[in-house]
Amino acid sequence: MTSKDKIPKLVVFDLDYTLWPFWVDTHVTPPFRKSNGKVVDSRGATIKFYPEVPQILQKLSDMNITIGVASRTSEIAGAEQLCELFGWNKYFTYKEIYPGCKVAHFNQFKKKTGFEFHDMLFFDDESRNITDLTKINVTSILVKNGMTLKVLDEGLEVFAKKK
């Protein structure tokens, strides 16, 4: 087994309370725009993400790991808009953003990438999603207080140990 076998082929993130500290469908008011270098909602409130997210995405990109997002939000346009305004779309090869079970999102990832579930690593703040995806053999990490480099490294370590 090579060290390449010990890293995921696809790392997927949930959005709400995983990459940013709010629910896009209830806590902020789309549409979003840039104003004075900040992302704001329609009321002018500044919209922020968890501070280490840009470094996390860059680190995975530097490792040549494919990155995706899976969100069950009903505010699809707002979530897409924030990914664009935050400059994250350059990292996301795959996006599954729509209501429903996360297993449906991952079935789409499998179909689009050709990767097996055991080659995927997933980060989410909701236990039910972790449970659902663990059942289909996706290494799934519960995110308690937003994504950090430490949580990413722990997830990569858990994935490597399973291999």
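## Strand β4 and its neighbours

Both faces of β4 are covered: T66, G68 and A70 are buried on one side, and I67, V69 and S71 are buried on the other. This is a predicted model. In a regular strand, side chains alternate between the two faces of the sheet. The strand spans residues 66–71, and six of its six residues are buried.

**Pairing.** β4 has a parallel partner in strand β1, residues 10–13, with four bridges between them. Here V11 stands opposite I67 of β4. β4 also pairs with strand β5, residues 92–97, again in the parallel sense, over five bridges. In that pairing, V69 has K95 of β5 as its bridge partner.

| Strand pair | Sense | Bridges | A residue pair |
|---|---|---|---|
| β1 and β4 | parallel | four bridges | V11 and I67 |
| β4 and β5 | parallel | five bridges | V69 and K95 |

**Crossover.** Which helix joins β4 and β5 in a β-α-β unit? It is α2, residues 76–85, and the unit is right-handed.

**Cysteines.** How many disulfides does the structure hold? The count is zero. A disulfide is a covalent bond between the sulfur atoms of two cysteines. C83 is buried, with a relative accessible area of 0%. C83 counts as buried because its value is under 20%. C101 is partly exposed, at 37% relative accessible area. That value lies between the 20% and 50% cut-offs, so C101 is classed as partly exposed.

Key. Residues are numbered from 1 along each chain as its sequence is written. This is a predicted model: local features need pLDDT of at least 70, side-chain atom pairs count only at pLDDT 80 or more; totals for chains, interfaces and linings use all residues. Side-chain values use heavy atoms; hydrogens and water are left out. A disulfide is a pair of cysteine sulfur atoms within 2.5 Å. Buried means under 20% relative accessible area, exposed over 50%, partly exposed in between (1.4 Å probe, protein chains only). Helices (H or I, at least four residues) and strands (E, at least two) are DSSP runs, numbered from the N terminus. Two strands pair if DSSP finds at least two bridges between them. A crossover is right-handed if, with the strands pointing away from the viewer, the path from the first strand over the helix to the second runs clockwise.
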